[in-house]
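User: Could you walk me through how the two chains of this model meet? I'd like to go step by step.

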Amino acid sequence: MHIMEGFLPLEWCLVWWIIALPFLAWGVVRLNRILAADREALPLLGITGAFIFILSSLKLPSVTGSCSHPTGTGLSAICFGPAITSVVCLVVLLFQSLFLAHGGLSVLGANIVSMGIVGPLAGYLVYRALRDTRVNLYFTVFFACAVADLFTYMTTSLELALAYPAEVGGVATSFGVFFVIFAITQVPLAIIEGIVLALVFKYIIQLKPEIISRLRIFPDEAVRAARGEA
Amino acid sequence: MRYRLEILTLVAVFGFIALFLFTTVAAPGAEFAGSDSVGSSQIAALTGRDMASFTPLVPQWEPPSAEIEAALFALQAACGGLVAGYIFGRWKGESDRNRPG
């Protein structure tokens, strides 16, 4: 999903930075607030951040004959919301910009908006919609994580389409072209990512159910049912 | 079933591998380039510009070889793995200590 350095006009780089910065500032405030209220949230933040590090480093082949990588942001979005997730993504994307030449500093704002804001926000909305329903807890995690992944790549497609509208058909045509490159490639990876992160969440619930309850990520009854205690 | 999610994950991973193998057979010429590179090539095609004309707005260090790039990606994954392993290990230890009996 990385837009490469130099591949986005300066005005669009500025637009995406202007959108990303308030979100990042809000994320830092929320992060300080959560950690001040409960230091036990720190290991959970470490786990969710660690999986963003791991999954976003895995380049996997896909059905379209190209490679792509999962994002891993859905779990963080579920546990801490999209604002804090954007801060974690800033760290990951900065590492990749500085040491891997994947992305870049001028396009960092655009990459944060896709991977750190819109994707996690979409996943968070799915999680919020399903959280208090009878839908299985692990299916909720799976679905939210898969949606977060897919929306990241759809946003990248939109960012590029806005910057490079096609001569015939404009932004819509261009979006279609980038959508095939990014989003279609991503479908199988998003499904795998959703399943893997649901499994990670199962281990979190088995080992540290109290943190899930204390941060009110899922209702107590749902956590007990997931642990087979209900 | 206690390990339903684990089994489902294994099935999904094997399904994914099967899909990849099917693609390599169905499309023997596929290069499996990164979608980032394919997207960048598409920008060049849309604008009618040469790839080399897209120069970084901010100077950027690039890994000197593909091997070093792969090593740095592995380092990134290893950092995440270390943190996740440490925390899960600590939680498992706490959980075992707190188990009655």
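User: How many residues of chain A are in contact with chain B?

Analyst: Happy to help; keep in mind that this is a predicted model. Contact here asks for C-beta atoms, placed from the backbone, within 7 Å. On that basis 48 residues of chain B take part, and the number from chain A is 53.

User: Which element gives the largest share of the side of chain A that touches chain B?

Analyst: The elements giving two or more residues to this side include α1 (10-37), α3 (73-100), α5 (137-163) and α6 (170-207) of chain A. With 16 residues, the largest share belongs to α6(A).

User: How many residues on that side of chain A are nonpolar?

Analyst: Let's split that side by residue class. There are 4 charged residues and 12 polar ones. The nonpolar residues number 37.

User: In which sense do β2(A) and β1 of chain B pair, parallel or antiparallel?

Analyst: In general, strands of a sheet pair through backbone hydrogen bonds in either sense. Here Ser66(A) stands opposite Ala33(B), and Cys67(A) stands opposite Gly34(B). Residue numbers thus rise together on both strands. The two strands share 2 bridges, and the sense is parallel.

User: Which are the edge strands of the open sheet?

Analyst: The sheet has 3 strands with mixed pairing, in the order β1(A)-β2(A)-β1(B). An edge strand pairs on one side only. That description fits β1 (60-61) of chain A and β1 of chain B.

Conventions: Residues are numbered from 1 along each chain as its sequence is written. Chains are lettered from A and ligands numbered from 1 in the order in which they are written. This is a predicted model: local features need pLDDT of at least 70, side-chain atom pairs count only at pLDDT 80 or more; totals for chains, interfaces and linings use all residues. Two residues are in contact if their C-beta atoms, placed from the backbone, lie within 7 Å. Helices (H or I, at least four residues) and strands (E, at least two) are DSSP runs, numbered from the N terminus. Ala, Val, Leu, Ile, Met, Phe, Trp, Tyr, Cys and Pro count as nonpolar, Asp, Glu, Lys and Arg as charged, and the others, Gly among them, as polar. Two strands pair if DSSP finds at least two bridges between them.
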